[in-house]
Amino acid sequence: MTSGRYDDHFRAQLDALKDEGNYRVFAELERRCGAFPQARNHGGQGGDVTVWCGNDYLGMGQHPKVLDAMHATIDACGAGAGGTRNISGTTHAHVRLERELADLHGKPAALLFTSGYVSNWAALSTLGARLPGCTILSDSLNHASMIEGIRHARCAKQVWRHNDVEDLDRRLSALNPEAPKIVAFESVYSMDGDIAPIAEILDVAETHNAMTYLDEVHAVGLYGPRGGGIAEREGLADRVTLIEGTLGKAFGVVGGYITGSEALVDFIRSFASGFIFTTALPPAIAAAAAESIRVLKGFEGARLRAAHQRKVARLRDRLDAMGIPHLPNPSHIVPVMVKDPVKCRMLADILLDRYGIYVQPINYPTVPKGAERLRFTPSPLHSETEIDRLADALHDLWSQCALARVVA
């Protein structure tokens with residue numbers, strides 16, 4: 001056995017992470033069904049906690065109709081899909097879900113993947129690799145899954161300044177007008193919570209005959225009259241070549257997907273290794289996701305989205321009143337800035353152990369060094385009392401740790 005010499009190397013790098021304050025520690029939680037956002041903490045001092053950093057933004061992972069759909073499909077079909085979609089794993093539940101997704105974004109077709117990470121990786125790598133002479137132009141703050149997909153495409157790439165339409169235009173202008181080009185960007189950026197100027201980006205891309213690839217993972221379910229994301233809210237979905245999303249955030253389940261034209265979706269279905277060689281999502285997962293989408297398309301979805309925005313506004317108001325620094329943005333993401341990895345970890349630990357408030361510190365490499373933060377994501381199911389309790393806890397800790405406040 002030769003692992004010992006390698007283990008020393010592994011430990012040395014892990015120790016360096018710990019010394020920098022960037023070592024990740026996972027809290028062992030058990031969500032309480034029907035009691036979102038409450039969970040049981042099985043680590044440390046134990047006890048009940050309120051989850052403040054979940055991406056199940058609307059609590060749909062606990063919605064009775066979603067749970068009923070999952071239970072019914074397990075009873076009817078069993079647990080697994082039976083294999084890859086190409087061999088034995090395409091089920092009626094998968095087909096129905098893809099129809100719901102295509103309808104959600106007003107596209108002719110959709111394709112399921114096992115996660116949003118895989119859908120970005122598989123779609124971008126396939127497009128870049130199989131379009132001869134293609135250049136992918138990637139926003140500088142794109143998610144790691146998009147970066148990984150572009151890397152595996154092994155085509156030409158350019159990184160344009162975040163949300164800088166003029167920089168994008170300059171770069172496109174310098175490329176061969178006849179060569180394929182893909183502009184890849186997100187709608188809501190999950191760390192800072194800012195929103196892309198989608199209309200302006202589309203104007204520039206269309207001027208240069210470039211495809212557009214829009215990641216809506218932090219927007220689907222939350223924005224637009226039916227939860228189709230920022231592009232739907234702004235009436236732009238029909239102009240976007242490919243819209244990618246996730247089922248694991250506002251829809252409360254798991255999985256990723258792309259939507260687009262019949263030819264585009266069939267192209268990725270036929271050539272993407274990340275789709276071809278991966279076991280399909282269990283049909284119960286697909287059925288639950290489809291039900292979640294249906295709920296959020298309707299009146300209840302509109303009500304939840306409105307309540308969600310009210311809770312976000314209330315938390316921001318409470319933080320402002322106490323001078324707790326948080327990044328201003330037009331989205332649902334509330335990044336409270338600490339700017340020190342050790343203090344960020346310490347604050348998260350104290351909030352969990354002393355106050356029963358669970359939030360994960362966001363440190364390097366997820367954000368740049370010096371931009372460490374606690375990222376709060378209020379939901380419509382967080383009560384006003386819970387919001388006040390969180391704000392009061394942060395107020396206490398900011399004083400105890402002598403952290404800088406914002407002076408109005």
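Cavities, salt bridges and a sheet, questioned

Modeller: In this predicted model, the lining of the largest cavity divides into 5 nonpolar, 5 polar and 1 charged residue.

Colleague: Which residue is the charged one in that lining?

Modeller: The lining consists of Arg85, His94, Leu112, Phe113, Thr114, Gly274, Phe275, Thr278, Thr279, Ala280 and Leu281. Asp, Glu, Lys and Arg count as charged, so the charged residue has to be Arg85.

Colleague: And what makes Gly274 polar here?

Modeller: Just the scheme: Gly is put with the polar residues, so Gly274 goes there too.

Colleague: Which elements supply at least two residues each of that lining?

Modeller: Strand 4 (109-113) and helix 11 (273-276) do. Leu112 and Phe113 are in the lining and fall within the strand's range, while Gly274 and Phe275 are in the lining and fall within the helix's.

Colleague: How do you find empty space like that at all?

Modeller: You roll a probe the size of a water molecule over the atoms, and that shows where empty space is left.

Colleague: Why is this one called a cavity and not a pocket?

Modeller: Because a 1.4 Å probe fits inside but cannot get out, whereas a pocket is open. The volume of the largest cavity is about 80 Å³, and the count comes to 2 cavities of 30 Å³ or more.

Colleague: What do you have on the second largest?

Modeller: Its volume is about 30 Å³. Phe36, Pro37, Val51, Cys53, Gly54, Asp56, Tyr57, Thr377 and His382 line it, and they split into 5 nonpolar, 3 polar and 1 charged. Asp counts as charged, so Asp56 is the charged one there.

Colleague: On to salt bridges. How do you know that Glu100 and Arg294 form one?

Modeller: The N to O distance between their side chains is 3.1 Å. The cut-off is within 4 Å, so the pair qualifies. The two sit in distant parts of the chain, 194 residues apart: Glu100 in helix 4 (residues 92-105) and Arg294 in helix 12 (residues 283-297).

Colleague: Is Glu100 buried or exposed?

Modeller: Buried: the relative accessibility of Glu100 is 15%, and the limit is under 20%. Arg294 has 30%, which lies between 20% and 50%, so Arg294 is called partly exposed.

Colleague: What about Glu232 and Arg226, what makes that pair a salt bridge?

Modeller: Their N to O distance is 3.8 Å, so this pair also falls within 4 Å. Glu232, at 17%, is buried, and Arg226, at 27%, is partly exposed. Through shared partners, salt bridges join Glu100, Asp103, Arg226, Glu232, Glu291, Arg294 and Lys297 into one network.

Colleague: And how accessible are Asp164 and Arg161?

Modeller: Both sit in the partly exposed range, Asp164 with 22% and Arg161 with 45%. Their side chains meet in a salt bridge at 3.1 Å, N to O. The structure holds 26 salt bridges.

Colleague: Last topic, the sheet with order 1-2-3-12. What makes strand 1 and strand 12 edge strands?

Modeller: Each pairs on one side only, strand 1 being 29-31 and strand 12 being 357-358. This open sheet has 4 strands, and the pairing is mixed.

Colleague: How do you know that strand 1 really pairs with strand 2?

Modeller: Pairing needs at least two bridges, and 3 join strand 1 to strand 2 (residues 38-41), so they pair. They run antiparallel, and Arg31 stands opposite Ala39 in strand 2.

Methods: Residues are numbered from 1 along each chain as its sequence is written. This is a predicted model: local features need pLDDT of at least 70, side-chain atom pairs count only at pLDDT 80 or more; totals for chains, interfaces and linings use all residues. Side-chain values use heavy atoms; hydrogens and water are left out. On a 1 Å grid over the protein atoms alone, a cavity is a set of points where a 1.4 Å probe fits but cannot get out, and a pocket is an open set with protein on both sides within 12 Å along at least five of seven lines; lining residues have an atom within 4 Å of a point. Grid points are joined across faces, edges and corners, and a volume is the space filled by probe spheres set on the points. Buried means under 20% relative accessible area, exposed over 50%, partly exposed in between (1.4 Å probe, protein chains only).
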